[in-house]
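Student: Could you walk me through this structure, and explain what the terms rest on as we go?

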Amino acid sequence: MLHLAIGLAVFSSLAGGRLEATGIAAAGQGEAFRWHRVEGGFGRGGMARAIALGGAGDRAIGDQGGVTWWRDAERHRADLPPVRDLVFSDPDTLWVGTADGLYRWRRDGRPERRRLHAGEAAERISDLATLGGSLVLASAGGLFWSTSGERFQRLAVGGVATPVTRVAVARLAGDEAPGARLPIIRIWAAGSRGIHALRGLPA
């Protein structure tokens, strides 16, 4: 059976026969988009493991052999341990989480290793998230937060060094500390002991 989607209509053909309308393709929130391929063939170390898009139109692809960062028409490559996740904290800073450590790659330099100083397991990064320039990372050695990328604070999730595999962070609208105009940061972490939510205030 052959299926074709043209606009919002779906057509099917049995055994090469004539096309007949069989349904309507879903369009999110009443809108439809036309998609076409504009680029392809990124990466050099095999299958892509992570993708990040920067605010300046940059894109970065992580694979088993490192990261490729496209800046407009320029291509920059860094050979690193197997990449697990990528995220831009600002237009000029790319964070790279690998199977053997965390790296910060600034536009005007090369990737630099940022050690967490929390044991070998903490260097096995599984997920990254950013909020307003701050960084949250999940690792086999626990959950960590950094406001500037210089110092990392371990956050307890079910246990001091409980492995964490996924993380998300948000500053919720209207979610402020009583009697103050300080935003409350919320972090959700998933790991070996389930899903946990944390609340934090700027110190």
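Student: What makes Gly-57 in the hairpin of β4 and β5 worth pointing at?

Tutor: Gly-57 takes a positive phi near 90° there, and the hairpin has five residues between its strands. Keep in mind that this is a predicted model, where local features need pLDDT of at least 70 and side-chain atom pairs count only at pLDDT 80 or more, while totals for chains, interfaces and linings use all residues. Residues are numbered from 1 along each chain as its sequence is written, and side-chain values use heavy atoms, with hydrogens and water left out.

Student: How do you know that β4 and β5 pair?

Tutor: Two strands pair if DSSP finds at least two bridges between them. β4 and β5 (residues 59–63) have four bridges, in the antiparallel sense, so they meet that rule. Ala-50 stands opposite Gly-62, and Leu-53 has Arg-59 as its bridge partner.

Student: And what counts as a strand in the protein chain, and how many are there?

Tutor: Strands are DSSP runs of E with at least two residues, and helices are runs of H or I with at least four, numbered from the N terminus. By that count the chain has zero helices and 18 strands.

Student: What is the order of the strands in the open sheet?

Tutor: It goes β4-β5-β6-β7, four strands with antiparallel pairing. β4 (50–53) and β7 (74–79) are the edge strands: each has a single partner, so one side of each lacks a neighbour in the sheet. On average, neighbouring strands here are turned by 15° against each other, direction ignored. Axes for this are lines fitted to C-alpha atoms (for helices, over the stretch in contact), and angles run from 0 to 180 degrees between N-to-C directions.

Student: What joins β5 to β6?

Tutor: Five bridges, with the two strands running antiparallel. Arg-59 stands opposite Trp-70 in β6, and this hairpin has two residues between its strands.

Student: Why is β5 called largely enclosed?

Tutor: Buried means under 20% relative accessible area, exposed over 50%, and partly exposed in between (1.4 Å probe, protein chains only). Five of the five residues of β5 are buried, so the rest of the structure largely encloses this strand. Both faces are covered: Arg-59, Ile-61 and Asp-63 on one side, Ala-60 and Gly-62 on the other. For the protein chain of 203 residues, the buried part is 37%.

Student: Why is the pair of Trp-69 and Phe-88 called edge-to-face?

Tutor: Rings of Phe, Tyr and Trp (its six-membered ring) pair if their centres lie within 6.5 Å; planes under 30 degrees apart count as stacked, over 60 as edge-to-face, and the rest as tilted. Trp-69 and Phe-88 are 5.5 Å apart centre to centre, with 70° between the planes, so they pass as a pair and as edge-to-face. Trp-69 lies in strand β6 (residues 66–71) and Phe-88 in β8 (residues 83–90), so the pair ties together parts that are 19 residues apart in sequence.

Student: What are the distance and angle for Trp-69 and Trp-105?

Tutor: They come to 5.2 Å centre to centre and 90° between the planes, edge-to-face again. Trp-105 sits in β10 (residues 101–106), so this pair bridges parts 36 residues apart in sequence. Trp-69, Phe-88 and Trp-105 form one aromatic cluster; Trp-69 and Phe-88 are buried, and so is Trp-105.

Student: How do you know that Arg-71 lies over the face of Trp-69?

Tutor: A charge sits over a ring if NZ of Lys or CZ of Arg is within 6 Å of the ring centre and within 35 degrees of the ring normal. Arg-71 is listed over the face of Trp-69, at 4.0 Å from the ring centre, so the distance fits the cut-off.

Student: Which strands pair with β10?

Tutor: Strand β9 (residues 93–98) does, antiparallel over six bridges, and so does β11 (residues 112–114), over three. β10 itself is mostly covered, with five of its six residues buried.

Student: Last one: what makes a nonpolar core, and which residues of the largest one touch the most other members?

Tutor: A nonpolar core is a set of buried Ala, Val, Leu, Ile, Met, Phe, Trp, Tyr and Cys residues joined through side-chain atoms within 4.5 Å. The largest has 15 residues, and Val-136, Leu-143, Trp-145, Val-167, Val-169 and Ile-187 touch the most other members. Apart from it lies another core, of 14 residues, including Trp-69 and Trp-105.
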